[in-house]
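Welcome to the tour. Please open the model in your viewer and keep the selection tool to hand; we will go stop by stop.

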Amino acid sequence: MMLPPGIVMNTIIGASLASVVCSMIGVFIVRMNLSSMGFCMSHAAFAGAALGLAVSRDPFALALGMAMAVALILGPVADKARLQADVVLGIMFSLTMALALLFLSIVPGSVVSSTALSVLWGSVLGITTTDLIRLLVLMLALLVVIFLFYKEFFAIMLDRKLAEESGINTKPFYYAILFLCGVTVSVSLKLIGGLLIFALMVNPVSSAYQFSHDMRWIMLISPLIGLASSISGTAASLYFDIPVGSSIAIMSVAIFLVSVALSPKRRRGQKC
């Protein structure tokens, strides 16, 4: 199927920007063992979209609101309850999924549920110029925040307790990481879907980890691997006429498998 050049160009640029921002925030997610964060956020957005359909409001607006709300309360709830963030994520995942099914059960008709499902799968071919500007602004904002507070973020990624003992007030930076993750998921959700966000947050960073433990190097290489996944995945999608999101996710997995096969750390018997 031949697509207009404008749509193809917007798709490539949008997927590339989304892969870069997801990979940038994915460095924190993977390093801090919060890999389920993206999955939980996508289901929170799914519940928001279902709520929008149930009350006849904009599904995507409520999807963004729900994802942001989860990102804002996750850190304080985990700290107050003295629980690991992954435990709270697991609880929220089951709660948001249950709410989504509950909201969908009261939506009249079954056709509208496809709108809620599109939150999970995305619509990368429907990227507009406004969407591209949002992604570009988000990417620049992430770069500025990481550059200004790299020392604090780096300390928290290594060990939050040690960072606190060294005099860093970790709470605002830890909450900022969770909030930035929520913003990244919210902005990227409509374009690439919750499931692809999870792939682009985890797979490029995991590939970069196969070659080094240097966080500066991983922060630099991960977005480039995400970019390669998006461009090659989009090209394969257009050539073979298959869904763009699925193609990008498959490419990111293929790059990870190649990275594992070539990993010098694995050959030396080191844990990757």
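Helices here are DSSP runs of H or I with at least four residues, strands are runs of E with at least two, and both are numbered from the N terminus. With that in mind, colour by secondary structure: read along the sequence, the protein chain follows the pattern α-α-α-α-α-α-α-α-α-α-α-α. That gives 12 helices and 0 strands.

Before selecting anything, note that this is a predicted model, in which local features need pLDDT of at least 70 and side-chain atom pairs count only at pLDDT 80 or more, while totals for chains, interfaces and linings use all residues. Residues are numbered from 1 along each chain as its sequence is written, and side-chain values use heavy atoms, with hydrogens and water left out.

**The whole chain**

Show the surface. Accessible areas come from the Shrake-Rupley method with a 1.4 Å probe, and for residues only the protein chains shown count as cover. The accessible surface of the protein chain is about 13100 Å², and carbon and sulfur atoms own 71% of that area. Call a residue buried under 20% relative accessible area, exposed over 50%, and partly exposed in between (1.4 Å probe, protein chains only). Of the 272 residues in the protein chain, 47% are buried.

Contact means heavy atoms within 4.5 Å. Taking contacts between residues at least 6 apart in sequence, 75% join residues at least 24 apart.

**Into the core**

Next, select F28, M32, L34, M37, I192 and M201. These touch the most other members of the largest nonpolar core, which has 71 residues. Helix α9 gives the most to this core, with 20 residues. Such a core is a set of buried Ala, Val, Leu, Ile, Met, Phe, Trp, Tyr and Cys residues joined through side-chain atoms within 4.5 Å.

Centre on M37. Leaving aside residues up to four places away in sequence, M37 touches I29, L74, L89, L178 and C181.

**Two cysteines**

From M37, move on to C181. Which cysteine sulfur is nearest to that of C181? It is the sulfur of C22, 8.7 Å away, and C181 is in no disulfide. A disulfide is a pair of cysteine sulfur atoms within 2.5 Å, and the structure holds 0 of them. C22 counts as buried because its relative accessibility is 0%. C181 is buried too, with a relative accessible area of 0%.

**Along helix α4**

Select M92, in helix α4 (residues 85–105). At 11% relative accessibility, M92 counts as buried. M92 touches C40, V70, I73 and L74, not counting residues up to four places away in sequence. Try a distance label between the C-alpha atoms of M92 and M41: these residues are 51 apart along the chain, and the atoms are separated by 9.1 Å.

Stay in helix α4 for F103, which is buried at 15% relative accessibility. Beyond residues up to four places away in sequence, F103 touches A47, A50, L51 and A54. From F103 to A50 the C-alpha distance is 5.5 Å, with their positions 53 residues apart in sequence.

**A glycine in helix α1**

Go to G14, in helix α1 (residues 5–31). Is G14 buried or exposed? At 0% relative accessibility, G14 counts as buried. Setting aside residues up to four places away in sequence, G14 touches I127, L132 and L135. The C-alpha atoms of G14 and L135 are separated by 7.6 Å, although the residues are 121 apart along the chain.

**One salt bridge**

Side chains of opposite charge can pair when their charged atoms come close. A salt bridge is a side-chain nitrogen of Lys or Arg within 4 Å of a carboxyl oxygen of Asp or Glu, and the count comes to 1. Select D131 and R134 to see it: their closest N and O atoms are 3.7 Å apart. Both residues lie in helix α6 (residues 129–148), 3 residues apart, about one turn of the helix. D131 is buried, with a relative accessible area of 6%, whereas R134 counts as partly exposed at 49%.

**Last stop: a surface patch**

Finally, select L72, I73, V77 and F179, a nonpolar patch on the surface with about 330 Å² of accessible area together. Patches are made of residues with over 30% relative accessible area and no salt bridge, with like charges joined within 9 Å and nonpolar side chains (Val, Leu, Ile, Met, Phe, Trp, Tyr) within 5 Å. Helix α3 (residues 59–81) gives the most to the patch, with 3 residues. F179 is found in helix α9 (residues 170–209), and counts as partly exposed at 32% relative accessibility.
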